[in-house]
Amino acid sequence: MNTGDMGDEVEDLERLSRVRELAISGEARMIRENARLSTTDLARAIGVDKSLVSRWERGDRLPRASAAALRYEAILVRLRKMRTTVGAQVVVDGGRKDPA
């Protein structure tokens with residue numbers, strides 16, 4: 001978590017709230033699976049044990065205010081944006097083309 005000004009602390013709390021909502025709703029797992037990443041892959045990227053990621057995704061435990069939780073949120077947000085961008089593309093003649 002940030003140790004800077006109040007704005008940084010509020011932003012961190014917003015991100016923590018977002019990652020908790022992603023976990024509770026099951027969207028975190030869906031985002032990870034759609035990206036074809038394992039819990040091990042994601043856990044290594046954020047620096048935690050894979051069992052913790054599994055517990056977050058099952059709703060057995062909520063992400064706590066930590067650097068790992070913020071990294072988890074950042075990765076999930078980026079993966080979701082990638083999925084949205086790829087999903088918005090149109091397949092034309094076997095190739096990808098941006099919709100006009």
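**Salt bridges in the predicted model**

Across the whole structure, which is a predicted model, a search finds 7 salt bridges. Side chains of opposite charge can pair when their charged atoms come close, and a few of these pairs are followed here together with the accessibility of their partners.

One of them joins Glu73 to Arg15, with 2.7 Å between the closest N and O atoms. Because Glu73 belongs to helix 5 (residues 67-88) and Arg15 to helix 1 (residues 6-25), this pair ties together parts that are 58 residues apart in sequence. As for the surroundings of the two partners, Glu73 has a relative accessibility of 2% and counts as buried, while Arg15, with a relative accessible area of 18%, is buried as well; the cut-off for that class is under 20%.

Another salt bridge is formed by the side chains of Arg32 and Glu33, for which the N to O distance is 3.9 Å. Here Arg32 is buried, at 7% relative accessibility, whereas Glu33 is partly exposed, its relative accessible area being 40%. These two residues also take part in a wider arrangement, since a network of salt bridges links Arg29, Arg32, Glu33 and Glu57.

A further pair is made by Asp60 and Arg58, whose side chains meet in a salt bridge at 2.8 Å, N to O. In this case Asp60 is exposed, with a relative accessible area of 52%, and Arg58 is likewise exposed, with a value of 53%; both values lie over the 50% that marks an exposed residue.

Methods. Residues numbered from 1 in each chain as written. Predicted model: local features only at pLDDT ≥ 70, side-chain atom pairs only at ≥ 80, totals over all residues. Heavy atoms only, no water. Salt bridge = Lys/Arg side-chain N within 4 Å of Asp/Glu carboxyl O. Helix = DSSP H or I, 4+ residues; strand = E, 2+ residues; numbered from the N terminus. Buried < 20%, exposed > 50% of the residue type's maximum accessible area, 1.4 Å probe, protein only.
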